[in-house]
Amino acid sequence: MDMQEDRITARLSAAAHHETKVTDGVSDAAQTATVRPNQPKELDMFADDDNDDMFAPEPTTGPKKEDGTQAVRVPEAKQLDRSLLDDWDDPEGYYRIILGELLDDRYHVQTNLGKGVFSAVVRAIDTTTNRTVAIKIIRTQESMYKAGMKEIEILQTLAEADPEDKKHIIRLERHFEHKGHLCMVFENLSINLREVLKKFGRDIGINIIAVRQYALQMFLGLTLLKKCEILHADLKPDNVLVNERRNQLKIADLGSAMSADENDVTDALVSRFYRAPEIMLGIKHDYAIDMWSIGCTLFELYTGKICFTGSTNNQMLKAILECRGKIPNRMLKRSEFWSQHFEPDGTFLSQEIDNVTRREVVRRMNITRTVPAKELKARLFASSKGLSPADAKELNLFADLLDKCLAVDPVRRITPTDALKHPFISRPGPVPPHNIR
Ligand SMILES: Nc1ncnc2c1ncn2[C@@H]1O[C@H](COP(=O)(O)OP(=O)(O)OP(=O)(O)O)[C@@H](O)[C@H]1O
(Lines give C-alpha, C1' and ligand atoms only; values in the text may rest on other atoms or scores of the structure.)
Protein backbone atom coordinates (compact mmCIF):
# COMPACT_ATOMS: atom_id res chain seq x y z
CA MET A 1 0.00 0.00 0.00
CA ASP A 2 1.52 3.37 -0.92
CA MET A 3 1.50 6.29 1.45
CA GLN A 4 -1.46 8.01 -0.16
CA GLU A 5 -3.61 4.89 0.01
CA ASP A 6 -2.45 4.41 3.58
CA ARG A 7 -3.61 7.93 4.41
CA ILE A 8 -6.99 7.53 2.73
CA THR A 9 -7.66 4.21 4.41
CA ALA A 10 -6.84 5.64 7.77
CA ARG A 11 -9.02 8.74 7.52
CA LEU A 12 -11.89 6.65 6.28
CA SER A 13 -11.58 4.04 8.96
CA ALA A 14 -11.52 6.85 11.51
CA ALA A 15 -14.82 8.10 10.18
CA ALA A 16 -16.42 4.72 9.83
CA HIS A 17 -15.28 3.09 13.03
CA HIS A 18 -14.32 6.05 15.16
CA GLU A 19 -10.74 4.99 14.88
CA THR A 20 -7.78 7.29 14.50
CA LYS A 21 -6.35 8.51 11.24
CA VAL A 22 -3.03 7.74 9.63
CA THR A 23 -1.30 10.43 7.61
CA ASP A 24 1.79 10.08 5.54
CA GLY A 25 3.42 13.12 7.04
CA VAL A 26 5.62 13.67 4.03
CA SER A 27 3.61 16.26 2.04
CA ASP A 28 5.78 18.76 0.29
CA ALA A 29 7.09 19.90 3.64
CA ALA A 30 10.46 18.35 3.00
CA GLN A 31 11.03 20.68 0.10
CA THR A 32 10.93 23.79 2.24
CA ALA A 33 14.04 23.28 4.32
CA THR A 34 16.68 25.53 2.82
CA VAL A 35 19.41 27.79 4.11
CA ARG A 36 18.54 31.32 5.21
CA PRO A 37 20.33 33.94 3.12
CA ASN A 38 21.99 36.84 4.91
CA GLN A 39 19.50 39.40 3.71
CA PRO A 40 16.11 38.24 4.90
CA LYS A 41 12.96 39.98 3.88
CA GLU A 42 10.44 41.30 6.35
CA LEU A 43 6.88 40.12 6.18
CA ASP A 44 4.73 43.20 6.24
CA MET A 45 1.63 41.36 7.27
CA PHE A 46 -0.37 44.53 7.71
CA ALA A 47 0.47 46.16 4.39
CA ASP A 48 -2.51 47.21 2.34
CA ASP A 49 -0.83 46.49 -0.93
CA ASP A 50 2.56 45.31 -2.07
CA ASN A 51 4.28 46.32 -5.26
CA ASP A 52 5.92 42.94 -5.39
CA ASP A 53 2.77 41.20 -4.27
CA MET A 54 3.30 37.52 -4.38
CA PHE A 55 -0.07 37.12 -2.74
CA ALA A 56 -2.04 38.81 -5.47
CA PRO A 57 -4.88 36.74 -6.90
CA GLU A 58 -4.35 34.88 -10.16
CA PRO A 59 -4.08 37.28 -13.11
CA THR A 60 -7.55 38.31 -14.12
CA THR A 61 -8.97 40.06 -17.09
CA GLY A 62 -12.15 41.61 -15.83
CA PRO A 63 -12.77 45.13 -14.53
CA LYS A 64 -12.30 46.07 -10.86
CA LYS A 65 -15.42 45.67 -8.77
CA GLU A 66 -16.56 47.89 -5.94
CA ASP A 67 -15.10 45.63 -3.28
CA GLY A 68 -11.70 45.92 -4.93
CA THR A 69 -11.68 42.40 -6.34
CA GLN A 70 -11.50 41.81 -10.06
CA ALA A 71 -14.07 39.93 -12.02
CA VAL A 72 -12.82 36.73 -13.61
CA ARG A 73 -14.00 35.89 -17.08
CA VAL A 74 -15.77 32.56 -16.80
CA PRO A 75 -18.64 31.30 -18.86
CA GLU A 76 -22.19 32.38 -18.02
CA ALA A 77 -23.66 30.61 -15.02
CA LYS A 78 -25.90 27.82 -16.18
CA GLN A 79 -27.35 24.50 -15.13
CA LEU A 80 -25.70 21.64 -16.94
CA ASP A 81 -27.79 19.50 -19.25
CA ARG A 82 -27.25 16.15 -17.58
CA SER A 83 -28.13 14.26 -20.76
CA LEU A 84 -25.08 15.80 -22.46
CA LEU A 85 -22.73 14.85 -19.70
CA ASP A 86 -22.80 11.60 -17.84
CA ASP A 87 -19.18 11.06 -16.83
CA TRP A 88 -18.71 13.92 -14.48
CA ASP A 89 -16.20 12.07 -12.31
CA ASP A 90 -12.62 11.15 -13.15
CA PRO A 91 -11.48 7.55 -12.61
CA GLU A 92 -10.43 8.36 -9.04
CA GLY A 93 -13.84 9.69 -8.08
CA TYR A 94 -12.95 13.38 -8.17
CA TYR A 95 -15.61 15.64 -9.65
CA ARG A 96 -14.44 17.09 -12.98
CA ILE A 97 -14.54 20.83 -12.39
CA ILE A 98 -16.34 22.93 -14.99
CA LEU A 99 -15.67 26.66 -14.82
CA GLY A 100 -18.91 28.60 -15.09
CA GLU A 101 -21.07 25.76 -13.81
CA LEU A 102 -23.81 26.69 -11.35
CA LEU A 103 -23.77 24.36 -8.33
CA ASP A 104 -26.89 23.93 -6.20
CA ASP A 105 -28.65 26.64 -8.27
CA ARG A 106 -26.51 29.14 -6.44
CA TYR A 107 -22.72 28.89 -6.65
CA HIS A 108 -21.07 30.08 -9.86
CA VAL A 109 -17.71 28.25 -10.15
CA GLN A 110 -14.83 30.65 -10.84
CA THR A 111 -11.49 28.95 -10.19
CA ASN A 112 -10.16 25.48 -9.59
CA LEU A 113 -8.12 25.64 -6.37
CA GLY A 114 -6.75 22.13 -6.81
CA LYS A 115 -7.08 18.66 -5.38
CA GLY A 116 -6.42 17.30 -1.92
CA VAL A 117 -6.44 13.60 -1.17
CA PHE A 118 -10.11 13.67 -0.25
CA SER A 119 -11.57 16.41 -2.38
CA ALA A 120 -11.31 18.93 -5.17
CA VAL A 121 -11.66 22.54 -4.05
CA VAL A 122 -13.12 25.39 -6.13
CA ARG A 123 -13.65 29.08 -5.59
CA ALA A 124 -17.16 30.24 -6.49
CA ILE A 125 -19.43 33.26 -6.25
CA ASP A 126 -22.51 32.74 -4.11
CA THR A 127 -25.10 34.38 -6.35
CA THR A 128 -27.53 34.85 -3.47
CA THR A 129 -25.10 36.96 -1.45
CA ASN A 130 -22.58 37.97 -4.14
CA ARG A 131 -19.78 36.80 -1.86
CA THR A 132 -16.90 34.53 -2.78
CA VAL A 133 -16.80 31.09 -1.15
CA ALA A 134 -14.59 28.00 -1.34
CA ILE A 135 -16.35 24.71 -2.02
CA LYS A 136 -14.78 21.41 -1.12
CA ILE A 137 -16.24 18.72 -3.39
CA ILE A 138 -15.63 15.36 -1.73
CA ARG A 139 -14.69 12.33 -3.85
CA THR A 140 -17.53 9.94 -4.60
CA GLN A 141 -16.64 6.93 -2.42
CA GLU A 142 -19.28 6.30 0.22
CA SER A 143 -16.66 6.08 2.93
CA MET A 144 -15.35 9.51 1.96
CA TYR A 145 -18.88 10.85 2.12
CA LYS A 146 -19.11 9.51 5.69
CA ALA A 147 -15.77 11.09 6.60
CA GLY A 148 -17.04 14.39 5.15
CA MET A 149 -20.21 14.17 7.25
CA LYS A 150 -18.09 13.67 10.36
CA GLU A 151 -16.03 16.76 9.44
CA ILE A 152 -19.28 18.74 9.02
CA GLU A 153 -20.53 17.67 12.43
CA ILE A 154 -17.28 18.77 14.07
CA LEU A 155 -17.24 22.11 12.22
CA GLN A 156 -20.82 22.77 13.33
CA THR A 157 -19.97 22.03 16.95
CA LEU A 158 -17.02 24.43 16.79
CA ALA A 159 -19.04 27.20 15.13
CA GLU A 160 -21.83 26.94 17.72
CA ALA A 161 -19.27 27.38 20.48
CA ASP A 162 -17.81 30.46 18.80
CA PRO A 163 -20.80 32.49 17.59
CA GLU A 164 -18.74 35.65 17.09
CA ASP A 165 -16.12 33.87 15.01
CA LYS A 166 -13.20 35.00 17.14
CA LYS A 167 -11.32 31.75 17.55
CA HIS A 168 -9.70 31.30 14.16
CA ILE A 169 -11.30 28.06 13.08
CA ILE A 170 -12.51 27.90 9.47
CA ARG A 171 -16.26 28.51 9.06
CA LEU A 172 -18.44 26.09 7.20
CA GLU A 173 -21.41 27.98 5.74
CA ARG A 174 -23.50 25.00 4.63
CA HIS A 175 -23.35 21.79 2.64
CA PHE A 176 -25.28 20.23 -0.22
CA GLU A 177 -25.06 17.33 -2.65
CA HIS A 178 -24.14 17.61 -6.29
CA LYS A 179 -24.17 14.58 -8.60
CA GLY A 180 -23.43 12.21 -5.76
CA HIS A 181 -20.71 14.40 -4.26
CA LEU A 182 -20.91 15.92 -0.82
CA CYS A 183 -20.07 19.62 -1.22
CA MET A 184 -18.93 21.74 1.73
CA VAL A 185 -19.21 25.52 1.40
CA PHE A 186 -16.51 27.38 3.34
CA GLU A 187 -15.69 31.03 3.86
CA ASN A 188 -13.15 31.98 1.22
CA LEU A 189 -9.55 32.37 2.31
CA SER A 190 -6.31 32.83 0.45
CA ILE A 191 -3.21 30.64 0.72
CA ASN A 192 -1.94 28.29 3.43
CA LEU A 193 1.08 28.88 5.69
CA ARG A 194 3.28 26.53 3.67
CA GLU A 195 2.61 28.74 0.66
CA VAL A 196 3.21 31.87 2.78
CA LEU A 197 6.64 30.46 3.63
CA LYS A 198 7.39 29.56 0.04
CA LYS A 199 6.16 32.73 -1.56
CA PHE A 200 7.02 35.36 0.99
CA GLY A 201 9.57 33.90 3.39
CA ARG A 202 11.24 32.37 0.34
CA ASP A 203 12.02 29.34 2.49
CA ILE A 204 13.92 31.42 5.07
CA GLY A 205 11.15 32.03 7.56
CA ILE A 206 9.00 35.05 8.28
CA ASN A 207 9.63 37.78 10.82
CA ILE A 208 8.97 37.37 14.51
CA ILE A 209 6.20 39.98 14.59
CA ALA A 210 4.20 37.95 12.10
CA VAL A 211 5.06 34.72 13.92
CA ARG A 212 3.73 36.23 17.15
CA GLN A 213 0.45 37.27 15.51
CA TYR A 214 0.00 33.86 13.94
CA ALA A 215 0.91 32.12 17.22
CA LEU A 216 -1.70 34.11 19.14
CA GLN A 217 -4.39 33.18 16.62
CA MET A 218 -3.45 29.50 16.55
CA PHE A 219 -3.51 29.33 20.37
CA LEU A 220 -6.99 30.88 20.33
CA GLY A 221 -8.00 28.14 17.90
CA LEU A 222 -6.61 25.51 20.26
CA THR A 223 -8.61 26.92 23.19
CA LEU A 224 -11.81 26.45 21.19
CA LEU A 225 -10.87 22.91 20.17
CA LYS A 226 -10.19 22.07 23.80
CA LYS A 227 -13.41 23.68 24.98
CA CYS A 228 -15.31 21.50 22.51
CA GLU A 229 -13.25 18.42 23.48
CA ILE A 230 -11.97 17.97 19.95
CA LEU A 231 -8.49 17.05 18.70
CA HIS A 232 -7.55 18.46 15.29
CA ALA A 233 -4.92 15.73 14.82
CA ASP A 234 -3.43 17.10 11.59
CA LEU A 235 -2.07 20.55 12.36
CA LYS A 236 0.76 21.67 10.08
CA PRO A 237 1.45 24.74 7.92
CA ASP A 238 -0.51 23.22 5.00
CA ASN A 239 -3.70 23.16 7.08
CA VAL A 240 -3.67 26.78 8.25
CA LEU A 241 -5.10 29.29 5.77
CA VAL A 242 -4.62 33.07 5.78
CA ASN A 243 -6.74 35.87 4.42
CA GLU A 244 -5.74 38.02 1.45
CA ARG A 245 -3.95 40.57 3.68
CA ARG A 246 -2.25 37.75 5.59
CA ASN A 247 -3.05 39.30 8.96
CA GLN A 248 -5.69 36.72 9.95
CA LEU A 249 -5.44 32.98 9.88
CA LYS A 250 -7.91 30.15 10.21
CA ILE A 251 -7.18 26.57 11.21
CA ALA A 252 -8.62 24.42 8.41
CA ASP A 253 -8.98 20.80 7.24
CA LEU A 254 -10.80 19.26 10.17
CA GLY A 255 -10.99 16.03 8.17
CA SER A 256 -8.85 14.17 10.69
CA ALA A 257 -10.41 15.76 13.76
CA MET A 258 -11.98 13.59 16.41
CA SER A 259 -13.56 13.73 19.78
CA ALA A 260 -10.91 13.74 22.52
CA ASP A 261 -12.23 10.46 23.93
CA GLU A 262 -11.54 8.65 20.62
CA ASN A 263 -7.97 8.21 21.69
CA ASP A 264 -7.15 4.66 20.64
CA VAL A 265 -3.43 4.13 20.59
CA THR A 266 -1.91 4.30 17.10
CA ASP A 267 1.57 5.36 16.14
CA ALA A 268 0.54 6.94 12.85
CA LEU A 269 -1.75 9.77 13.88
CA VAL A 270 -0.87 13.26 12.59
CA SER A 271 1.50 14.01 9.69
CA ARG A 272 4.87 12.60 10.64
CA PHE A 273 7.01 15.74 10.97
CA TYR A 274 4.36 17.27 13.27
CA ARG A 275 3.70 14.09 15.26
CA ALA A 276 4.16 14.26 19.02
CA PRO A 277 6.52 11.75 20.69
CA GLU A 278 3.72 10.21 22.79
CA ILE A 279 1.97 9.13 19.57
CA MET A 280 5.10 7.40 18.28
CA LEU A 281 5.62 5.72 21.64
CA GLY A 282 2.05 4.44 21.86
CA ILE A 283 0.91 6.43 24.87
CA LYS A 284 -2.73 7.49 25.14
CA HIS A 285 -2.82 10.97 23.64
CA ASP A 286 -4.84 14.10 24.38
CA TYR A 287 -4.97 17.82 23.49
CA ALA A 288 -1.21 18.08 23.94
CA ILE A 289 -0.66 16.48 20.51
CA ASP A 290 -2.06 19.61 18.82
CA MET A 291 0.20 21.87 20.90
CA TRP A 292 3.23 19.86 19.78
CA SER A 293 2.18 20.31 16.13
CA ILE A 294 1.77 24.06 16.66
CA GLY A 295 5.22 24.21 18.27
CA CYS A 296 6.73 22.53 15.18
CA THR A 297 4.74 24.87 12.92
CA LEU A 298 5.91 28.02 14.76
CA PHE A 299 9.54 26.90 14.62
CA GLU A 300 9.17 26.35 10.89
CA LEU A 301 7.50 29.72 10.35
CA TYR A 302 10.40 31.54 12.00
CA THR A 303 13.31 29.54 10.60
CA GLY A 304 11.92 28.25 7.30
CA LYS A 305 13.18 24.82 8.34
CA ILE A 306 11.24 21.77 9.51
CA CYS A 307 11.78 21.31 13.22
CA PHE A 308 12.11 17.52 13.35
CA THR A 309 12.49 15.27 10.33
CA GLY A 310 12.76 11.53 9.93
CA SER A 311 11.65 8.97 7.37
CA THR A 312 10.25 6.70 10.09
CA ASN A 313 8.90 7.11 13.60
CA ASN A 314 12.18 5.73 14.90
CA GLN A 315 14.19 8.40 13.08
CA MET A 316 11.71 11.06 14.21
CA LEU A 317 12.31 9.96 17.81
CA LYS A 318 16.06 10.17 17.22
CA ALA A 319 15.73 13.76 15.97
CA ILE A 320 13.59 14.66 18.99
CA LEU A 321 15.98 12.99 21.47
CA GLU A 322 18.97 14.80 19.96
CA CYS A 323 17.27 18.15 20.33
CA ARG A 324 15.16 17.72 23.46
CA GLY A 325 17.11 15.19 25.54
CA LYS A 326 16.08 11.90 27.11
CA ILE A 327 12.50 10.61 27.12
CA PRO A 328 11.48 10.57 30.79
CA ASN A 329 11.22 7.10 32.32
CA ARG A 330 7.65 7.79 33.44
CA MET A 331 6.71 8.14 29.75
CA LEU A 332 8.50 4.96 28.71
CA LYS A 333 6.66 3.09 31.47
CA ARG A 334 3.34 4.07 29.89
CA SER A 335 4.50 3.35 26.33
CA GLU A 336 3.05 0.42 24.37
CA PHE A 337 5.72 0.56 21.66
CA TRP A 338 8.85 1.33 23.69
CA SER A 339 10.52 -1.96 22.83
CA GLN A 340 10.53 -1.01 19.12
CA HIS A 341 12.85 1.88 19.93
CA PHE A 342 14.59 1.29 23.27
CA GLU A 343 16.42 -1.37 25.23
CA PRO A 344 15.15 -2.05 28.77
CA ASP A 345 17.96 0.12 30.19
CA GLY A 346 16.74 3.11 28.13
CA THR A 347 19.38 2.89 25.36
CA PHE A 348 17.89 4.17 22.11
CA LEU A 349 18.03 1.80 19.13
CA SER A 350 18.44 3.93 16.05
CA GLN A 351 17.38 2.00 12.96
CA GLU A 352 19.39 3.56 10.16
CA ILE A 353 20.42 2.76 6.61
CA ASP A 354 24.18 2.28 6.36
CA ASN A 355 25.64 4.74 3.86
CA VAL A 356 27.99 2.19 2.30
CA THR A 357 26.11 -1.11 2.38
CA ARG A 358 22.61 0.45 2.10
CA ARG A 359 21.53 -2.19 4.66
CA GLU A 360 19.55 -1.40 7.76
CA VAL A 361 21.78 -1.17 10.81
CA VAL A 362 20.86 -0.59 14.44
CA ARG A 363 22.98 1.99 16.23
CA ARG A 364 22.81 2.08 20.03
CA MET A 365 22.63 5.59 21.45
CA ASN A 366 22.89 6.31 25.10
CA ILE A 367 21.18 9.65 25.57
CA THR A 368 21.30 10.61 29.21
CA ARG A 369 20.54 14.34 29.18
CA THR A 370 17.37 14.90 31.14
CA VAL A 371 17.20 18.68 30.78
CA PRO A 372 16.16 19.81 27.31
CA ALA A 373 19.22 20.78 25.36
CA LYS A 374 19.94 24.39 24.44
CA GLU A 375 19.78 23.08 20.89
CA LEU A 376 16.34 24.51 20.09
CA LYS A 377 17.32 28.02 21.16
CA ALA A 378 20.66 27.71 19.39
CA ARG A 379 18.87 26.79 16.17
CA LEU A 380 16.61 29.83 16.48
CA PHE A 381 19.54 32.19 17.10
CA ALA A 382 21.61 30.58 14.34
CA SER A 383 19.02 31.67 11.84
CA SER A 384 18.97 35.30 13.05
CA LYS A 385 22.10 37.33 12.40
CA GLY A 386 22.88 40.81 13.78
CA LEU A 387 20.18 41.07 16.45
CA SER A 388 19.94 44.21 18.57
CA PRO A 389 19.59 43.62 22.36
CA ALA A 390 15.85 44.32 22.09
CA ASP A 391 15.49 41.85 19.21
CA ALA A 392 17.48 39.25 21.13
CA LYS A 393 15.16 39.69 24.10
CA GLU A 394 12.16 39.11 21.85
CA LEU A 395 13.73 35.99 20.38
CA ASN A 396 14.57 34.70 23.87
CA LEU A 397 10.89 34.96 24.79
CA PHE A 398 9.93 33.08 21.63
CA ALA A 399 12.54 30.39 22.42
CA ASP A 400 11.11 30.01 25.93
CA LEU A 401 7.57 29.60 24.60
CA LEU A 402 8.69 27.04 22.00
CA ASP A 403 10.55 25.12 24.70
CA LYS A 404 7.23 24.79 26.54
CA CYS A 405 5.20 23.89 23.42
CA LEU A 406 7.75 21.19 22.62
CA ALA A 407 8.03 19.66 26.09
CA VAL A 408 8.59 15.96 25.40
CA ASP A 409 6.31 14.89 28.23
CA PRO A 410 2.72 15.79 27.25
CA VAL A 411 1.82 16.26 30.91
CA ARG A 412 4.37 19.11 31.11
CA ARG A 413 3.54 20.66 27.73
CA ILE A 414 2.02 24.13 27.93
CA THR A 415 -1.77 24.38 27.56
CA PRO A 416 -3.38 26.80 25.05
CA THR A 417 -4.65 29.02 27.89
CA ASP A 418 -1.20 29.27 29.45
CA ALA A 419 0.40 29.85 26.06
CA LEU A 420 -1.85 32.90 25.63
CA LYS A 421 -0.52 34.21 28.96
CA HIS A 422 3.14 33.67 28.02
CA PRO A 423 5.03 36.99 27.81
CA PHE A 424 5.94 36.41 24.14
CA ILE A 425 2.22 36.58 23.38
CA SER A 426 0.75 38.64 26.18
CA ARG A 427 3.24 41.42 26.80
CA PRO A 428 1.55 44.81 26.60
CA GLY A 429 2.23 47.67 24.22
CA PRO A 430 2.59 47.89 20.48
CA VAL A 431 5.01 45.62 18.70
CA PRO A 432 8.06 47.58 17.48
CA PRO A 433 7.53 48.18 13.77
CA HIS A 434 11.07 47.33 12.72
CA ASN A 435 12.61 44.37 11.04
CA ILE A 436 13.91 41.92 13.61
CA ARG A 437 16.52 40.49 11.29
N1 LIG B 1 -11.75 27.94 2.58
C2 LIG B 1 -10.77 27.89 1.67
N3 LIG B 1 -10.37 29.00 1.04
C4 LIG B 1 -9.38 28.94 0.13
N5 LIG B 1 -8.72 27.81 -0.22
C6 LIG B 1 -9.08 26.67 0.38
C7 LIG B 1 -10.12 26.64 1.35
N8 LIG B 1 -10.26 25.37 1.78
C9 LIG B 1 -9.34 24.65 1.12
N10 LIG B 1 -8.63 25.42 0.27
C11 LIG B 1 -7.54 24.98 -0.60
O12 LIG B 1 -7.70 23.63 -0.93
C13 LIG B 1 -6.60 22.84 -0.40
C14 LIG B 1 -7.13 21.48 0.05
O15 LIG B 1 -8.05 21.67 1.10
P16 LIG B 1 -8.17 20.63 2.29
O17 LIG B 1 -6.80 20.40 2.87
O18 LIG B 1 -9.22 21.09 3.22
O19 LIG B 1 -8.68 19.38 1.45
P20 LIG B 1 -8.36 17.84 1.55
O21 LIG B 1 -9.00 17.14 0.39
O22 LIG B 1 -8.74 17.37 2.91
O23 LIG B 1 -6.81 17.84 1.33
P24 LIG B 1 -5.62 17.14 2.05
O25 LIG B 1 -5.11 16.15 1.10
O26 LIG B 1 -4.63 18.29 2.25
O27 LIG B 1 -6.10 16.60 3.35
C28 LIG B 1 -5.99 23.73 0.71
O29 LIG B 1 -4.61 23.53 0.89
C30 LIG B 1 -6.23 25.12 0.14
O31 LIG B 1 -5.19 25.45 -0.74
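These notes cover the two domains, the contact between them, and the open sheet of this predicted model.

1. **Two domains.** The chain splits into two parts. Domain 1 takes residues 2-31 + 191-426, and domain 2 takes 61-187. Domain 1 is thus written as two segments of sequence.

2. **The contact between the domains.** Domain 1 gives 28 residues to the contact, and domain 2 gives 24. Together the two domains bury about 2,300 Å². Carbon and sulfur atoms account for 71% of that area.

3. **Polar and charged pairs across the contact.** Four salt bridges are counted between domain 1 and domain 2. Eight residue pairs are in polar contact between the two domains, with both residues at pLDDT 80 or more. On the side of domain 1 that touches domain 2, three elements give two or more residues each: helix 1 (3-17), helix 4 (208-227) and strand 9 (249-251). By class, that side of domain 1 has 16 nonpolar residues, six polar and six charged.

4. **Glu187 and Lys250.** Look at this pair in the model. The side chains of Glu187 and Lys250 form a salt bridge, at 2.8 Å from N to O. Glu187 also has a place in the sheet: Glu187, in strand 6, is the bridge partner of Val133.

5. **The open sheet.** Six strands make up an open sheet. Their order is 1-2-3-4-6-5, and the pairing is antiparallel. Strand 1 (102-103) and strand 5 (172-178) are the edges, each pairing on one side only.

6. **Strands 1 and 2.** Strand 1 and strand 2 run antiparallel and are joined by two bridges. Leu103 has Tyr107 of strand 2 as its bridge partner. Three residues lie between these strands in their hairpin. Asp104 in that hairpin has a positive phi near 55°.

7. **Strands 2 and 3.** Seven bridges hold this antiparallel pair. Asn112 is partnered by Val122 in strand 3. A hairpin of three residues leads from strand 2 to strand 3.

8. **A salt bridge beside these strands.** The whole structure has 26 salt bridges. One joins the side chains of Arg106 and Asp126, at 2.8 Å from N to O. Arg106 sits in the loop between strand 1 and strand 2 (107-115), while Asp126 is in strand 3 (residues 119-126), so the pair ties together parts that are 20 residues apart in sequence. In general, side chains of opposite charge can pair when their charged atoms come close.

9. **Strands 4 and 6.** Strand 4 (residues 131-138) pairs with strand 6 (residues 181-187) in the antiparallel sense. Five bridges connect the two. The Val133 and Glu187 pairing belongs here.

10. **Strands 5 and 6.** Strand 5 and strand 6 also run antiparallel, with six bridges between them. Leu172 stands opposite Phe186 of strand 6. The two strands form a hairpin with two residues in between. Lys179, in the turn, has a positive phi of about 50°.

11. **Where to look again.** Which residue meets Lys250 in a salt bridge? Glu187 does, through its side chain. Which residue is the bridge partner of Val133 in strand 6? That is Glu187 as well. Check both pairings of Glu187 together on screen.

Conventions: Residues are numbered from 1 along each chain as its sequence is written. This is a predicted model: local features need pLDDT of at least 70, side-chain atom pairs count only at pLDDT 80 or more; totals for chains, interfaces and linings use all residues. Side-chain values use heavy atoms; hydrogens and water are left out. Domain bounds come from an automatic or database domain assignment. Contact means heavy atoms within 4.5 Å. Buried area is the accessible area (1.4 Å probe) that two parts lose on being put together, summed over both. A polar contact is a pair of N or O atoms within 3.5 Å; within protein, one must be able to donate a hydrogen and the other to accept it, and residues adjacent in sequence count only if both atoms are side-chain atoms. Helices (H or I, at least four residues) and strands (E, at least two) are DSSP runs, numbered from the N terminus. Ala, Val, Leu, Ile, Met, Phe, Trp, Tyr, Cys and Pro count as nonpolar, Asp, Glu, Lys and Arg as charged, and the others, Gly among them, as polar. Two strands pair if DSSP finds at least two bridges between them.
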